[in-house]
Structure formats: C-alpha cells, structure tokens
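Got the viewer open? Here's a tour that goes one selection at a time, with a note on what you'll find at each stop.

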Amino acid sequence: MTQAPAFETDFWKDANLRKVWDEIVPGEPRKTLPYKLTLEAIQLYCRSVGEDHPLYFDEAYARKTPYGGLIAPPSIHILLMFACTPTDDWMRTPGTINAGQSWSYNKPARPGDTITLQARALDKFIKRERLFVVHDNVFFNQHGDVICSGRGQTIRPA
Amino acid sequence: MSTSFENLSVGDTINGPKFDVSRESIRLFCDGSLDYNPLHLDDDYMKNSFGKTNFGGIIMHGMNNFGLITRMLTDWAYPAGAIQRRLETRWLKPVKPGDTIQPLGVVKSKQSTQKSRWVLIDVLVRNQKGEHVAAGEAMVEFPVSGSIAA
C-alpha cells in the first residue's frame, strides 16, 4: 500500500480555505510538509506512466550501477508536489490547469528519503482574460541536497 | 548501436513508448501522482466551461506527458551513462480517453562546457492522428569521465 490512505483525495474538501488568484502573493512562501518517499509510492508512480527500468524496481541490479541502489525517476516531483503540500494549498483547487513546466535535476530521490519542498508563487499575470500564476519549487532530501528545482505556470479558475 | 556523446548527430531521433490513454490509465495516474483534480475524474464537472474552453469530458493530466517524455529520455540516457538534467514542456492539446500518445525526441545540438558535455533535445508528444499534444526541450548530460555523480 502507499501513503495514499492518509492523503485527502477529495480536492473539493477545504476548497473554501484555498487562496484564489486575487489572494496569491508572489514571493510569499507556501506551506509545505515533509514527506517520506517510500519504494511503494515510487513504484506506483512508475506503473502509472509505464516506467519499468530496473533502477526503480531491481535492488540487486541497481546496487551494481553507479547509483549504488534503487532511485526514483526524475519525474517523481510530479508526485512530490502533491505529497509535500497541505489540503488547503491552491495547487489543488479544482479546475487548476497546468500551462507548462520546466525542471532541472541534480540528485535522484531515493526510497526512504524524507523530502522537503520550498515553494512560492513568483509572479502572477492576466493574459487573454486568463489568470496565470508562475510557481517556483525546490525539493530537497534529508541531507539538504537539492533533488530538483522547477518553475511552472498554472491558469487559475476564474 | 550504443549511444555516446561522440557518435550523436544533430537530427538523430529518439522514439519513445506508445501509451494508450484510458479512463483507467488516468485514474492510475491520479493514484501515482496524488493529483485528484476533478479535471481528471469527474465527467459532470467537465461539462462546465473553463474560461473559453470546454473539454467535453475528463482529460489526461498534462504531467502524464511529462512522465512519458521522461521515461523516453532516461531509457535512452541510462545505458550511455548519461543523465537527464532538464526538461521543459508545454501542453498544446488536451489528451482524452481512447487516445494513443507517443513521445519523440530529436537531437538539436551538442555542447561541451568547462567540465562536462551536454545534448539538447527537442521533444514532442503526438497522438494517433499525428497532432502535437505537447512540446518542449530537454538537456541531457554526458559526463566526460563516464562516472555519474549520483
């Protein structure tokens, strides 16, 4: 099993507590939560995109590679973004539309890592009547190493 | 042919995996990503319009494209001892249940820096009609020593 049972999957819950576009302050840190990344969560994510590389599944194989053990795929930040934020975070607002992302990768996340996130809106603007927010996110492991950093844009529900 | 920085040429292509999109695949991505936005779950909700857009039903997560592009790049890079260092994407069209999507990479340029070597790759995801649903650019590092700073 994954940590999903503790995760609130009803994104309407706490919807009234989330900031709307008007209230989002660029530069202000978002509340985040440390998250223990399990092998089960990594492998469930992998299955959802058809990832089957032995670096994610075969400990004996992974130990013999330069990585020295199992790792998560770089795109694991897709999961970490929701795992490291509370239910009142505005990324969960129903109708939030992802308009593009760019990510840089430093060290791989590994099963058993405790992941932390530093996140904020960096900018917001209106374009063709649509309400955009630019987000800035950095994930760290328990050693303080940067795992990856990324910038994204979402269109906020009007 | 095994991939190496030396034998790569501009225009070389990387073929990614075909991926069949279904209600089940979208639901599994919800569980894998913890992204339970009703855009991906709730047909009634999707009867609404979003600004000027009406999707007419649930849509695949844009980040599912991102995950699929990553899978293509890492499956290509790992055997060469190379490392995916960057991926930038934007979504061009919604993807829906019943679609089949496939990422593609094209080597755009190679560059050596003071301490390493880099390959820039244009990436694209197409659906079964040949329409482009996502596009972007990736950067893969080919370390000089062949050793990975993992």
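Start with chain A and colour it by burial: of its 158 residues, 38% are buried. This is a predicted model, and the confidence for chain A averages a pLDDT of 93, with 97% of the residues at 70 or more. The exception to click on is residues 1-5 of chain A, where the pLDDT drops below 50; in the model this stretch has eight contacts beyond near neighbours in sequence. Where pLDDT is low, don't read the predicted coordinates in detail.

Now switch to a cartoon. Chain A has four helices and five strands, and from the N terminus they come in the order β-α-α-α-α-β-β-β-β. Its C-alpha atoms fit a box of roughly 55 × 30 × 30 Å along the principal axes. A compact globule of 158 residues would have a radius of gyration near 15 Å, and chain A comes out at 17 Å, so the two agree. Take the contacts in chain A between residues at least 6 apart in sequence: 70% of them join residues at least 24 apart.

**Stop 1: helix α1 of chain A**

Select residues 39-49 of chain A, which make up helix α1. Which of its residues are buried? Show A41(A), I42(A), L44(A), Y45(A), C46(A), S48(A) and V49(A) as sticks, and you have them. An α-helix has 3.6 residues a turn, so residues three or four places apart point the same way. What do the buried residues of α1(A) pack against? Within chain A, the partners are α2 (54-57) and α4 (77-83); from chain B, α1 and α2 join in. Step just past the end of α1(A) and you land on G50(A), which has a positive phi of about 75°.

**Stop 2: a proline in a loop**

Go to P86(A), in the loop between α4 and β2 of chain A. P86(A) has 14 other C-beta atoms within 10 Å, so it counts as partly exposed. Put a distance label between the C-alpha atoms of P86(A) and T32(A): they are 54 residues apart along the chain, yet the label should read 6.5 Å. Setting aside neighbours within four places in sequence, P86(A) is in contact with K31(A) and L33(A).

**Stop 3: the hairpins of chain A**

Select β3 (residues 114-127) and β4 (residues 130-140) of chain A; these strands run antiparallel and are joined by eleven bridges. For one pair to look at, find D123(A), whose bridge partner in β4(A) is V134(A). Two residues lie between the strands of this hairpin, and R128(A) there takes a positive phi near 45°.

Carry on to β5 (residues 146-156) of chain A, which pairs with β4(A) over ten bridges, again antiparallel. Here V138(A) sits opposite S149(A) in β5(A). The hairpin of β4(A) and β5(A) has five residues between its strands, and G144(A) takes a positive phi near 85°. In a regular strand, the side chains alternate between the two faces of the sheet.

**Stop 4: chain B**

Bring up chain B, with its two helices and six strands. Along the sequence they read β-β-α-α-β-β-β-β. The C-alpha atoms of chain B take up a box of roughly 55 × 30 × 30 Å along the principal axes, and 37% of its 150 residues count as buried. Of the contacts in chain B with a separation of 6 or more, 67% are between residues 24 or more positions apart.

Zoom in on helix α2 of chain B, residues 62-77. Its 16 residues should span 22 Å at 1.5 Å a residue, and the end C-alpha atoms are 23 Å apart, which agrees. Is this helix mostly covered or mostly open? It is mostly covered, with 14 of the 16 residues of α2(B) buried.

**Stop 5: where the chains meet**

Show both chains and select the contacts between them: 37 residues of chain B touch 38 residues of chain A. On the chain B side, the elements giving two or more residues are α1 (23-33), α2 and β3 (83-91). Which of these gives the largest share? That is α2(B), with ten residues. By type, the chain B side splits into 17 nonpolar, twelve polar and eight charged residues.

Finish on the strands that cross the boundary. Strand β2 (residues 97-105) of chain A runs antiparallel to β3(B), and four bridges join them. For a last selection, pick S104(A) and look across to R86(B) in β3(B), which stands opposite.

Methods:
Residues are numbered from 1 along each chain as its sequence is written. Chains are lettered from A and ligands numbered from 1 in the order in which they are written. This is a predicted model: local features need pLDDT of at least 70, side-chain atom pairs count only at pLDDT 80 or more; totals for chains, interfaces and linings use all residues. The expected span of a helix is 1.5 Å times one less than its number of residues. A residue is buried if 20 or more other C-beta atoms lie within 10 Å of its own, exposed if 12 or fewer, and partly exposed in between; C-beta atoms are placed from the backbone. Two residues are in contact if their C-beta atoms, placed from the backbone, lie within 7 Å. pLDDT is the predictor's confidence in each residue, from 0 to 100. Ala, Val, Leu, Ile, Met, Phe, Trp, Tyr, Cys and Pro count as nonpolar, Asp, Glu, Lys and Arg as charged, and the others, Gly among them, as polar. Two strands pair if DSSP finds at least two bridges between them. The radius of gyration is taken over C-alpha atoms; the globule rule is 2.2 Å times the number of residues to the power 0.38.
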